[in-house]
Amino acid sequence: MTQQSPRHHPQLFRSFFQGSFPCSTACRSGGRRMDMVISSGHDMLLEKDYAALAQEGLHTARDGARWHLIEATPNEYDWRSFLPMVHAAARHDMQIIWELAHFGYPEHLDIWRSAFVDHFERFARAMAKLMRDEGVENPFFTPINQISFWSWAGADVSWLDPYASERGRELKRQLVRASLAAMHAIRDVYPDARFVLTDPLVQIAADPANPDSKPCADAQHQAQFEAWDWIAGRDAPELGGREDFLDILGLNYYPDNHWFFSGDTIPAEHATYQPLHRLMLQCWQRYRRPLLLAETGAEGDARAPWLRHVTEEALLALDEGVALEGISLYPVVEYPAWADDRRSPGALFGLGDPNGNRTLHEALALELRSQQIKWHNREKQD
């Protein structure tokens, strides 16, 4: 810690440790819609889920409005799937970061056309007005989750909607346009609205056996910042970006977020490996915007050690002056994994039983409580 880089003290959210609910609504091959709010049981267990998070000291969470249900008919909004979430969050004093689009959109829209942006703007405005009328104050939103990942998965490798190839950059521009339009609309209703703009935080390095791959690896590494640069208007100004729309950077980070240009994972002990606190420092130095580890987690027995590791890295980043505002566990509740229908073994809470009760993963819960105690003691000392 230096005089030039004083320790940062997070204060943006109600809790530093948070939970992220699975809420993707992507269509898989064959047009089959998945709705992770349903598959996780969260739609039926809203009250219990929010209460359980609060019980574990997680008073801030990421959750999602399901656009495909709300605007199933063009320009008509059915809020029956969303209002119970707003009401349950209020009853349990949960601070929610609301996602508007998580890999899914209404079937009547063509994502490539300008009408997609227009519909998303109107949807965002309508949702903000509804929340205002329901008494929600100081809201947080994520207009479109993981623009860069969605662009790659949906339009480069044809893994999810819109199932295109070699059009990733085109989709990224379209999603940035839609995000900016939504943020304009929301701020018309909520001038003080805050935005968490999520994307993966990764390291891409040259292959050890092929030093000539370094320029390509460096270019891929820098590409992770492209959507944020566009939103800020630092590049591609024709998209309409502005610095004030680049608000809070939501970083999604997992054990396999480091890889060589060849695609092989970089071992943590390799000399090339950049630890998490250094990657966060790079983001902070580039943008000087608050950061949130918006998704992080590991599977099986690795989940508790992973939380310990990530928290230790977070504290190092804070000591270097990085404005990190929180760590969000993903998934906070279990679900059948969206890629292959297997159960995701990384959650804090399991799938609900016939009585609507979820099993708490004790090892992760104990580690969470330990880290929360250390966190509170650290803040008291300062």
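The exercises below work through a predicted model of one protein, each with a solution in steps.

**Exercise 1. The chain as a whole**

Task: Determine whether the radius of gyration of the protein agrees or disagrees with that of a compact globule, and describe its overall make-up.

Solution. Begin with the expectation: for 382 residues, a compact globule would have a radius of gyration near 21 Å, and the protein has 20 Å, so the value agrees with the expectation. Next, consider the extent of the C-alpha trace, which spans about 55 × 45 × 40 Å along the principal axes of the protein. The secondary structure consists of twelve helices and ten strands, and 57% of the 382 residues count as buried. Turning to the contacts with a separation of 6 or more, one finds that 75% of them come from residues 24 or more positions apart. Finally, the accessible surface amounts to about 16,000 Å², with 50% of it belonging to carbon and sulfur atoms, while the mean positions of the 38 positive and 54 negative charges lie 3 Å apart.

**Exercise 2. Glutamate 99**

Task: Establish whether glutamate 99 is buried or exposed, and find which side chain makes a polar contact with its side chain.

Solution. First locate the residue: glutamate 99 belongs to strand β3, which covers residues 95–101. Its relative accessible area is 2%, and because buried means under 20%, glutamate 99 is classed as buried. The next step is to look at the side chain, which makes a polar contact with the side chain of arginine 62 at 2.4 Å. Arginine 62 also appears in the contact list of glutamate 99 which, once neighbours within four places in sequence are left aside, consists of Cys23, Arg62, Asp63, Gly64, Ala65, Thr142 and Asn145.

**Exercise 3. Serine 151 and proline 200**

Task: For serine 151, find which backbone oxygen its side chain reaches, and for proline 200, find which residues it contacts beyond its neighbours within four places in sequence.

Solution. Start with serine 151, which is placed in helix α6 and counts as buried at 1% relative accessibility. Its side chain reaches the backbone oxygen of isoleucine 147 at 2.7 Å. Not counting residues up to four places away in sequence, serine 151 touches Asp156, Gly168, Leu171, Lys172 and Leu175.

Then take proline 200, which lies in strand β5, residues 194–200. Its relative accessibility is 17%, and since the cut-off for buried is under 20%, proline 200 counts as buried. When neighbours within four places are set aside, its contacts are Gln146, Phe149, Gln224, Asn252 and Asn257. As a further check on distances, the C-alpha atoms of proline 200 and glycine 250 are 8.2 Å apart in space, although the two residues are 50 residues apart in sequence.

**Exercise 4. Backbone geometry in the loops**

Task: Identify which peptide bonds leading into proline 162 and proline 331 are cis or trans, and find the sign of phi, positive or negative, at asparagine 138 and arginine 288.

Solution. The background is that most residues other than glycine have a negative phi, and most peptide bonds are trans. Against this, the bond joining aspartate 161 and proline 162 is cis, with omega about 10°; proline 162 sits in the loop between α6 (147–155) and α7 (168–189). The bond from tyrosine 330 to proline 331 is likewise cis, with omega near -10°, and proline 331 is found in the loop between β10 (324–329) and α12 (362–381).

For the phi angles, asparagine 138 has a positive value of about 50° although it is not a glycine, and it lies in the loop between α5 (114–133) and β4 (140–144). Arginine 288 has a positive phi near 50° and is located in the loop between α10 (276–287) and β9 (291–296). The relative accessibility of arginine 288 is 51%, and because exposed means over 50%, this arginine counts as exposed.

**Exercise 5. An intermediate accessibility**

Task: Decide how glycine 135 should be classed by accessibility, and state what separates its C-alpha atom from that of alanine 90.

Solution. Glycine 135 lies in the loop between α5 and β4. Its relative accessible area is 49%, and because exposed requires over 50%, glycine 135 is classed as partly exposed. The C-alpha atoms of glycine 135 and alanine 90 are separated by 9.3 Å, with the two residues 45 residues apart along the chain.

Key:
Residues numbered from 1 in each chain as written. Predicted model: local features only at pLDDT ≥ 70, side-chain atom pairs only at ≥ 80, totals over all residues. Heavy atoms only, no water. Helix = DSSP H or I, 4+ residues; strand = E, 2+ residues; numbered from the N terminus. Buried < 20%, exposed > 50% of the residue type's maximum accessible area, 1.4 Å probe, protein only. Polar contact = N/O pair within 3.5 Å; in protein donor to acceptor, adjacent residues only side chain to side chain. Contact = heavy atoms within 4.5 Å. Rg over C-alpha atoms; globule rule 2.2 N^0.38 Å. Areas by Shrake-Rupley, 256 points an atom, 1.4 Å probe, with all protein chains shown as cover. Lys, Arg positive; Asp, Glu negative; His and termini not counted. Charge placed at Lys NZ, Arg CZ, Asp CG, Glu CD.
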